[in-house]
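Trainee: Could we go through this one together before I set anything up? I'd like to begin with the terms and then turn to the residues.

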Amino acid sequence: MKDGWTMILAAVGIIVALPILAFGGGGDSGQGLFDRRVDLPDLSALPDRAYAPQDPDQVTIASGPRTDINGFETVAVARFRMQGLVLSRKDYKRDHASGYSPVDLGLGWGRLSNPRIAALMTFAQGNRQMRYSLPDGDMIPQSEIGASLTNAHLVPAGPEQKRALDRVRRGDVVHIEGYLVNVTSPDGTARWVTSRSRYDTGYNACEIILVQRIRSYTPGA
């Protein structure tokens, strides 16, 4: 689920989410590596509870549907459904993957879907990566954070899904249904491979989600 490596220095964790094989990294040119997302919106008045207590639901399929997204071919490898708290959002327009995935969402479930806990952490995204920090490194075990957090690359299945995704903001609770997919570039020279695990690390340990249904709401709104 988490992508890249996790490093603990002064209670700082780093998640790298790069499913790109042939191209390597590829953040938007002309921008810094990370957009700083210092805090969630003020959610301190919300109930002290998890809005997404369950792990994502995933069912492997032997021969999934193929879809054309702006010339990129997606091949489904698993049905996928999840609910999570949006911890961070990053839009991409100029990197290699933006032709099929214009948005990355940092999503948390379990205790990381509790706004009061998430508000204590800081998040930053860029170059298809997400960093997080937790001032009190003992508050939540790093193993639990790693299994309850992802930087997901979202692939809208069509205009309706894209419009719904455009409305999603940090601090929202989002419900996503669709497929985990592998993606091939229009010229066939590059392939992006999705993670299928909640616990993997390193390159290619990130979900690429073809979004067929997406709903979101702001807690307390």
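Mentor: Let us fix one term before anything else: a residue is called exposed when its relative accessible area is over 50% and buried when that area is under 20%, with partly exposed in between. Please also keep in mind that this is a predicted model.

Trainee: Okay, then is N70 buried or exposed?

Mentor: N70 has a relative accessible area of 63%, and because the cut-off for exposed is over 50%, N70 counts as exposed. Its place is the loop between β4 (66-69) and β5 (72-91), and its phi is near 55 degrees, which is a positive value in a residue other than glycine.

Trainee: What about N127, where does that sit?

Mentor: N127 is found in the loop between β7 (122-126) and β8 (129-133), and phi of N127 is near 55 degrees, again a positive value in a residue that is not glycine. With a relative accessible area of 17%, however, N127 is buried.

Trainee: Switching to the overall picture, how many helices and strands are there?

Mentor: The protein has three helices and 12 strands, and buried residues make up 53% of its 221 residues. If you take the contacts with a separation of 6 or more, 77% of them are between residues 24 or more positions apart.

Trainee: And the surface, how much does the protein expose?

Mentor: About 9,700 Å² is exposed, of which carbon and sulfur atoms supply 49%.

Trainee: Now charges. How many salt bridges does the count come to?

Mentor: The count comes to nine salt bridges. One of them joins R128 and D95, with 2.8 Å from N to O. R128 lies in the loop between β7 and β8, while D95 lies in the loop between β5 and β6 (103-108), so this pair ties together parts that are 33 residues apart in sequence. R128 is buried at 1% relative accessibility, and D95 is buried as well, at 7%.

Trainee: Which residues end up joined into one network?

Mentor: R89, D91, K162 and D166 are joined into one network by salt bridges that share partners. Within it, D91 pairs with R89, the closest N and O atoms being 2.8 Å apart, and D166 also pairs with R89, at 3.9 Å between the closest N and O atoms. That second pair links distant parts of the chain, since D166 is in helix α3 (residues 159-166) and R89 is in strand β5, 77 residues apart.

Trainee: So is R89 buried or exposed?

Mentor: R89 is buried, with a relative accessible area of 9%, whereas D91 is partly exposed at 35% and D166 is partly exposed at 29%.

Methods. Residues are numbered from 1 along each chain as its sequence is written. This is a predicted model: local features need pLDDT of at least 70, side-chain atom pairs count only at pLDDT 80 or more; totals for chains, interfaces and linings use all residues. Side-chain values use heavy atoms; hydrogens and water are left out. Helices (H or I, at least four residues) and strands (E, at least two) are DSSP runs, numbered from the N terminus. Buried means under 20% relative accessible area, exposed over 50%, partly exposed in between (1.4 Å probe, protein chains only). Contact means heavy atoms within 4.5 Å. Accessible areas come from the Shrake-Rupley method with a 1.4 Å probe; for residues, only the protein chains shown count as cover. A salt bridge is a side-chain nitrogen of Lys or Arg within 4 Å of a carboxyl oxygen of Asp or Glu.
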